[in-house]
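Here are my notes on the model you sent round. They are set out as numbered points, so that you can check each against the coordinates.

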Amino acid sequence: MFAVVAMHSSVSSGINAEYGDTMKLILVTLLLSEVWAAPADDLSISPDKLRSLLDVTYTDGDGKEYGIGDFEGKFIALYFSASWCPPCRDFTPDLVKTYNDLQKLGKDFQVIWVSRCNSEGEADKYFTKMPWVRMSYKDAKSSRGEKLFRQTQQRGIPAVLMINRKMRIISTNARTSIAYTGAKGFPWKQSE
């Protein structure tokens with residue numbers, strides 16, 4: 001860890017001089033996301049508990065309703081984000097492109113958006129930019145939504161948690177992988 005931080009400091013100084021603070025922020029974000037991301041096997045949440053937390057009604061942009069059973073046998077990405085969050089607004093178009101690319105390839109993949117917005121109106125407006133399903137604002141802000149966020153060891157937003165076809169968490173930090181590999185890296189399984 002100390003070697004990584006020391007290397008990061010020297011690298012970021014050179015980058016800062018050449019490219020500005022944006023690259024330094026990206027490096028710090030990557031470093032922290034790797035340090036804070038829990039290995040998938042360390043998660044104590046069982047598939048049954050996860051399924052229970054996800055057992056709510058979801059809607060798409062047309063108002064069609066779905067249950068978690070509709071996504072059985074698919075890889076699921078839980079996307080925690082909010083309209084007030086600049087990194088979320090920057091990442092959402094990347095996830096939309098990746099989602100659309102995977103749909104065109106016929107991959108069994110579903111994104112479920114879990115709002116961290118401050119109001120239902122903000123959530124409704126932000127969701128218009130997303131082609132997948134969402135947990136209702138009420139459920140996302142309930143104790144169920146909070147448990148889902150905490151028990152899957154999310155620490156900030158935007159966050160993408162990947163779940164495999166057997167309802168097992170395979171990555172708590174898929175956001176970084178998606179941003180850098182897009183559809184090519186699917187299903188973004190966290191290294192163990």
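The points below go from the overall make-up to the sheet, the cores, one helix, the salt bridges and the cysteines.

1. Overall make-up. This is a predicted model. The protein contains 8 helices and 7 strands. It has 192 residues, of which 43% count as buried. If one takes the contacts between residues at least 6 apart in sequence, 65% of them join residues at least 24 apart.

2. The sheet. Seven strands form an open sheet with mixed pairing, in the order β2-β1-β5-β4-β3-β6-β7. The edges are β2 (65–66) and β7 (169–171); each has a single partner strand, so one side of each lacks a neighbour in the sheet. At the β2 edge, the pairing with β1 (residues 58–59) is antiparallel and runs over 2 bridges. One residue pair to look up there is tyrosine 58, whose bridge partner in β2 is tyrosine 66.

3. The largest nonpolar core. In soluble globular proteins, nonpolar side chains tend to be buried together. Here the largest such core has 29 residues. The residues with the most contacts inside this core are Tyr79, Phe109, Val111, Trp113, Trp132, Met162 and Trp188. Two or more residues each come from β3 (75–81), α4 (86–104), β4 (109–115), α5 (120–127), β6 (159–163) and α8 (174–181). Helix α4 gives the largest share, 6 residues.

4. The second core. A separate nonpolar core has 24 residues. Among its members are Val56, Phe80, Ala140 and Ile163.

5. Helix α5. Which residues of α5 are buried? They include Ala123, Tyr126 and Phe127. These three span an arc of only 95 degrees around the axis, which puts them on the same side of α5. As for what lies against them, the buried residues of α5 pack against β1, β3, α4, β4, β5 and α6 (137–141).

6. Salt bridges, count and network. The whole structure has 6 salt bridges. Asp48, Arg51 and Glu72 are linked in a network of them. The next three points take up individual pairs.

7. Aspartate 101 and lysine 97. The side chains of these two residues form a salt bridge with an N to O distance of 2.8 Å. Both residues belong to helix α4 and sit 4 residues apart, about one turn of the helix. An α-helix has 3.6 residues a turn, so residues three or four places apart point the same way. Aspartate 101 is partly exposed at 23% relative accessible area, while lysine 97 is exposed at 52%.

8. Aspartate 108 and arginine 165. In this salt bridge the closest N and O atoms are 3.9 Å apart; the cut-off is within 4 Å. Aspartate 108 is in the loop between α4 and β4, and arginine 165 is in the loop between β6 and β7, so the pair ties together parts that are 57 residues apart in sequence. Aspartate 108 is partly exposed, with 36% relative accessibility. Arginine 165 is also partly exposed, with 43%.

9. Arginine 134 and aspartate 124. Here the salt bridge has an N to O distance of 3.0 Å. Arginine 134 belongs to strand β5 (residues 133–135) and aspartate 124 to helix α5, so the pair ties together parts that are 10 residues apart in sequence. Is arginine 134 buried or exposed? Its relative accessibility is 8%, and buried means under 20%, so arginine 134 counts as buried. Aspartate 124, at 36%, counts as partly exposed.

10. Cysteines. The structure holds 0 disulfides. How far from cysteine 117 is the nearest cysteine sulfur? That sulfur belongs to cysteine 88 and is 8.4 Å away. A disulfide requires sulfur atoms within 2.5 Å, so cysteine 117 is in no disulfide. Cysteine 117 is buried, with a relative accessible area of 0%. Cysteine 85 is buried as well, with 4% relative accessibility.

How values were computed: Residues are numbered from 1 along each chain as its sequence is written. This is a predicted model: local features need pLDDT of at least 70, side-chain atom pairs count only at pLDDT 80 or more; totals for chains, interfaces and linings use all residues. Side-chain values use heavy atoms; hydrogens and water are left out. A nonpolar core is a set of buried Ala, Val, Leu, Ile, Met, Phe, Trp, Tyr and Cys residues joined through side-chain atoms within 4.5 Å. Buried means under 20% relative accessible area, exposed over 50%, partly exposed in between (1.4 Å probe, protein chains only). Two strands pair if DSSP finds at least two bridges between them. The arc is that of the directions from the helix axis to the C-beta atoms. Contact means heavy atoms within 4.5 Å.
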